[in-house]
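Okay, thanks for squeezing me in, everyone. Let me put the structure up and then we'll walk through it together.

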Amino acid sequence: MSPDVMPEAQVALTMTEPGNKTDRAHSRARAARRRKIAVMAARVLLLVAVLGLWEVFSRAKVIDAFNFSMPSKIWDQVYAWVMHGTAQGPLGEQIWYTLYEALLGWVLGVIVGVVFGIVLGRITFLADVLGPYIKVLNSIPRIVLAPIFMIWFGLGPASKVASAVVLVFFPVFFNAFQGAREVDRNLVANARILGASNRRVTLQVVIPSATSWIFTSLHVSFGFALIGAIVGEYLGATKGIGLLISQSQGTFNTAGVYAAMVILAVVALGAEGLLTFAERRIFRWKPTGSDS
Amino acid sequence: MSADTSPAIQLRGASKIFRTPSGGLHTAVRELDLTIGRGEFVAVVGPTGCGKSTTLTLVSGLEEPSEGEVLVAGEPVRGVGDKVGFVFQQDATFPWRTVLSNVMAGPRFRGVPKSEAKEKAREWLARVGLAAFEDRYPHQLSGGQRKRVALAATFVNDPEILLMDEPFSALDVQTRALMSDELLELWAGTGASVVFVTHDLEESIALADKVVVMTAGPATVKQVFDIDLPRPRKVESVRLEPRFIEIYREIWESLGEEVRITRERGAANVA
């Protein structure tokens, strides 16, 4: 009698256990989902509250609508620019100009910075000779170079590209330099034993291991490139978002300044997204745990 | 003496003196005299930090001796030669390369065409039992598997001289025994001369034909013991044989003294 009962009891036990487990996993997943929704809702609520208060205070004349504008006016301005173009041409063209200057400046600055960083990182003699000069150059607030570039290169894109390049160069250079210096000595020794020439060590060991250093600087430096382009345009240009800002300011169009800022933020976020995407592709070899 | 009959490695009065960051001089090894024959498996044991690893870097050509001579196959060592393979204590696999690409690195660095390098690399990966892992990145492997990749990457270059710097010290005990057996198997077919640095006396006796005992730092050769245990050996079983224990006791008498000196010095430094 009892041998018949035993297996049944066991079956019952094994039946309930996985059921229990999936139940618990279920409720945990549900809790996580609920938390996500709560975070999103709070975010939206915060945005609505800030914009709403701004609008209400502005309309109720608690804050000066002329100086501080209001979200509805900013929206109208963005809408007008999108639909009817700006005073100096279609909005897309302005965005494209700024983006083009920033991108070109960024790419040039990154290339020069990486090359210098790796070369100086590998050749100690050069690093020792140039070290103090680089420190001096780095200590200058480089944005003051923008007026000089304006004189040298005129109102066209070249002066903006130049200011973007000098802003981008230094962070990229320092990171590439550091990255080249901090290469795991074991990896270099291993590569040499395996038969790598000096050139191969640089190309196939130093540069790959410096890439994570370089990439950290790329995120920051794209922001710098945008700053360089905008400030350059603000000082004097024929096209671009910086010009939009300076013209809005010149006509006391506060909404215009804000609207240009909104557009810039969207552009910067888009570029950041592209960069993150590229980074994921390149760093497939990295453990995901250390990804930030 | 012609190049063919000359021993694989000869150290003649080799010393290495490093300049410390504070400007002082540190003698890592002094007046090393050691001859290693072709196809011989030599283990070097000594107290921690005595300069065992420096011996390897001298033979590899990564460092030059401050005094004396280092000869490989009868020729003085000048820079890193193509006869040498080196397995490091730490992980030295390239983390951005896949397993296959890691093993291909050596032949590719030496100018072997890609398809041929791939073929050789696959062959060695199969031999270390990682054929199914060729597309993985090193961080996706266990420590033992990464060591296997390092072994394959070293053996694929067909080194005449294999230098190993405490290669298995970071592995857990079971993996270590397994890897030691695998190393003996891999080595058996190659005819390479091996210098295996370790601080583990058991490991050294189980693996080697000769055990070299170094003195406390600055290190020099204290004594050389011949290990007459028959091959092929299995690391786990050979250490239970009476002859093994006899040898162990004999070498420990010599090594233990140096370990004691090192320990007393350490205590003196602390006090």
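Let me start with a small one: which residue follows α2(B), and what is the sign of its phi? That's B:Gly111, and its phi is positive, near 85°. Before I go on, do keep in mind that this is a predicted model.

Right, chain B overall. There are 8 helices and 10 strands in chain B. Its C-alpha trace spans about 55 × 45 × 45 Å along the principal axes. For 271 residues you'd expect a compact globule to have a radius of gyration near 18 Å, and chain B comes in at 19 Å, so that agrees. Buried residues account for 41% of the 271 residues in the chain. And if you take the contacts in chain B between residues at least 6 apart in sequence, 70% of them join residues at least 24 apart.

Now back to α2(B), residues 99-109. Of its 11 residues, 10 are buried, so the helix is largely enclosed by the rest of the structure. The buried set includes B:Val99, B:Leu100, B:Met104 and B:Phe109, and B:Asn102 and B:Arg108 are in there too. What do the buried residues of α2(B) pack against? Partly chain B itself, through α3 and α4, and partly chain A, through α8 and α9 (198-235).

That brings me to α4(B). It runs over residues 143-155, and its 13 residues reach 18 Å from first C-alpha to last, close to the 18 Å expected at 1.5 Å a residue. Here 10 of the 13 residues are buried, so α4(B) is again largely enclosed by the rest of the structure. Among the buried ones you'll find B:Arg146, B:Lys147 and B:Arg148, as well as B:Val149, B:Leu151 and B:Phe155. The cover over them includes β6, α2, α3 (114-127), β7 (161-165) and α5 (173-188) from chain B, plus α8 (185-194) from chain A.

So how do the two chains meet? On the chain B side, 21 residues are in contact with 14 residues of chain A. Two elements, β6 (84-87) and α2, each supply at least two residues of that side. By type, the side of chain B that touches chain A divides into 13 nonpolar, 6 polar and 2 charged residues.

Let's look at a sheet in chain B. There's an open sheet of 4 strands, in the order β2-β1-β4-β5, with antiparallel pairing. The strands at the edges are β2 (25-36) and β5 (75-76); each has a single partner strand, so one side of each is left without a neighbour in the sheet. Strand β1, residues 9-19, is joined to β2(B) by 9 bridges, and the two run antiparallel. If you want a register marker, B:Ile9 stands opposite B:Ile36 in β2(B).

Last bit, over to chain A. The domain assignment gives domain 1 as 1-63 and domain 2 as 70-290. Their centres, taken over C-alpha atoms, are separated by 41 Å.

And one residue there: is A:Phe252 buried or exposed? You'll find A:Phe252 in the loop between α10 (241-250) and α11 (254-282) of chain A. It has 10 C-beta neighbours inside 10 Å, and the cut-off for exposed is 12 or fewer, so A:Phe252 counts as exposed. Its C-alpha is 22 Å from that of A:Thr98, which sits 154 residues away along the chain.

Note on methods: Residues numbered from 1 in each chain as written. Chains lettered and ligands numbered in written order. Predicted model: local features only at pLDDT ≥ 70, side-chain atom pairs only at ≥ 80, totals over all residues. Contact = placed C-beta atoms within 7 Å. Nonpolar A, V, L, I, M, F, W, Y, C, P; charged D, E, K, R; others polar. Domains from an automatic or database assignment. Pairing = 2+ DSSP bridges. Expected span 1.5 Å × (residues − 1). Buried ≥ 20, exposed ≤ 12 C-beta atoms within 10 Å, placed from the backbone. Rg over C-alpha atoms; globule rule 2.2 N^0.38 Å.
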